[in-house]
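Trainee: I am new to this structure. Could you pick one spot, take a close look at it with me, and then walk me outward from there?

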Amino acid sequence: MTTDGLALATRGLQKRYGSRPALAGLDLSVPTGVVYGFLGPNGAGKTTTMRLLTGLIHPDAGSIEVLGRPFGRRDRHRLFEVGALIESPSFYPYLNGRENLRALAATGAPVSGARIEELLELVGLRDRAKDKVQTYSLGMKQRLGIAAALLSDPRLLLLDEPANGLDPAGIVAMRETLRHLASTGKTVFVSSHVLGEVQQLADVIGIIAAGRLVREGPIGELLHGEGEVRVRVAADQVEPARTILGGLATPDAVSDGADGDGWLAVRIGAGRAADVNRALAGAGIFASGLESGSDLESLFLELTQGDGSGGHEGTFFGVAGGSR
Ligand SMILES: Nc1ncnc2c1ncn2[C@@H]1O[C@H](COP(=O)(O)OP(=O)(O)OP(=O)(O)O)[C@@H](O)[C@H]1O
Ligand SMILES: [Mg+2]
């Protein structure tokens, strides 16, 4: 597997804590200049991966390449090229936001006062820069953490669940900031356990579960390639509808919907709900229900079901059409 042109790559990465495997051979390929959404349910291994990528812990097996060069045990000094926010950022509680950034800057390459002001502005903390960090809310600390990760103007940014604790306006602002960074050629690797969040932010996504990669690629391809459209029709129209749907795709792409009760599902691009509706209506069959979901959405719903971490019913199917 080639890693040319990748800002970040892992091959066969393994890590266990005691007898518990956290990563079981992880292969990630992160292209340069994109926002890469690193998605997985709680306990999937996201933070473990981030810790390995920043040399906080070391792998049991496998390799890491950062910005085109191997990243090994003795390469922590190279992290000036990388900005990272992993888990809750730690700050001096008795110093204010500005002083904390100055203190952090003092430990690395020189950073101008103007740069610090620019970052405070960027993360919306300028008005609170004089307040002690111990008086900050969770979201404000998270914002300061993002500013800290950006201090050295890194080419690669690693952010572990940066949306944690941010309010909706904060999430929008963060998304704009990260998109802007990618537009200037930087690579942003950002983890999340919420598909919807990543969908709006990332160019490329990688989904992990139980320490392994289960899907990776450009988000457009993953969202619109595979998928299904589901329709509900009257009981006496199920058979004629089945024939029409089979004509749109192939007969074996049509199945009885999981919900029974007049629902049919056809494996066809999730973006083709309108085509399905039109074809049925053209034959005088009017659907009483129509919804669609991509393969990715179903996959992620399955992965996150029952872990109590935001796999709310309907969330992932809400975009293309109604919840099931
Ligand atoms: N310090 C540790 N000691 C023992 N086990 C750990 C430790 N850190 C993580 N683990 C285990 O490793 C696995 C992966 O954890 P990790 O924190 O990487 O997941 P995550 O994807 O970041 O989850 P979350 O979405 O909850 O942040 C889990 O089974 C977890 O219990
Ligand atoms: Mg984590």
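Mentor: Let's begin at glutamate 161, in the loop between strand S7 (156-159) and helix H5 (168-183); helices here are DSSP runs of H or I with at least four residues, strands are runs of E with at least two, and both are numbered from the N terminus. Please keep in mind that this is a predicted model, in which local features need pLDDT of at least 70 and side-chain atom pairs count only at pLDDT 80 or more, while totals for chains, interfaces and linings use all residues. Residues are numbered from 1 along each chain as its sequence is written, and chains are lettered from A and ligands numbered from 1 in the order in which they are written.

Glutamate 161 has a phi near 45°, a positive value in a residue other than glycine. Is glutamate 161 buried or exposed? Glutamate 161 has 21 C-beta neighbours inside 10 Å, so it counts as buried. The rule takes C-beta atoms placed from the backbone: 20 or more others within 10 Å make a residue buried, 12 or fewer make it exposed, and anything in between is partly exposed.

Alanine 210 makes a good companion: its phi is positive too, about 50°, although it is not a glycine. You will find alanine 210 in the loop between S9 and strand S10 (212-218). With 15 C-beta neighbours inside 10 Å, alanine 210 counts as partly exposed.

From that loop, step back into S9 (residues 204-209), which pairs with S3 in the parallel sense over 4 bridges; two strands pair if DSSP finds at least two bridges between them. Look for tyrosine 36, which stands opposite valine 204 in S9. S3 also pairs with strand S8 (residues 187-192), again in the parallel sense, over 5 bridges. There, leucine 39 has serine 192 of S8 as its bridge partner.

S3 itself, residues 35-39, is mostly covered, with 5 of its 5 residues buried. In a regular strand the side chains alternate between the two faces of the sheet. In S3 both faces are covered: Val35, Gly37 and Leu39 are buried on one side, and Tyr36 and Phe38 on the other.

Now for ligand 1. Its shell includes Gly40, Asn42, Gly43, Ala44 and Gly45, along with Lys46, Thr47, Thr48 and His193; a residue belongs there if its C-beta atom, placed from the backbone, lies within 6 Å of the molecule. Tyr17, Arg20 and Ala22 are part of the shell as well. By class, the shell has 3 nonpolar, 7 polar and 2 charged residues. Here Ala, Val, Leu, Ile, Met, Phe, Trp, Tyr, Cys and Pro are nonpolar, Asp, Glu, Lys and Arg are charged, and the others, Gly among them, are polar.

Which element gives the largest share of this shell? That is H1, with 3 residues. Strand S2 (20-31) and helix H1 (46-53) each supply at least two. 6 of the 8 residues of H1 are buried, so this helix is largely enclosed by the rest of the structure. The buried ones are Lys46, Thr48, Thr49, Met50, Leu52 and Leu53. Just after H1, glycine 55 takes a positive phi of about 70°.

Follow S2 next, which pairs with strand S1 (residues 6-17) in the antiparallel sense over 9 bridges. Lysine 15 has leucine 23 as its bridge partner in S2. The hairpin of S1 and S2 has 2 residues between the strands, and glycine 18 in that hairpin has a positive phi near 60°. S1 also pairs with strand S4 (residues 61-66), in the antiparallel sense over 5 bridges, and there glutamine 14 stands opposite alanine 61.

Finally, step back to the whole chain. It has 10 helices and 14 strands, and 40% of its 324 residues count as buried. An automatic or database assignment gives domain 1 (6-220) and domain 2 (225-304). Their C-alpha centres lie 39 Å apart. The contact between them takes 5 residues from domain 1 and 6 from domain 2, where contact means C-beta atoms, placed from the backbone, within 7 Å.

Key. Two residues are in contact if their C-beta atoms, placed from the backbone, lie within 7 Å.
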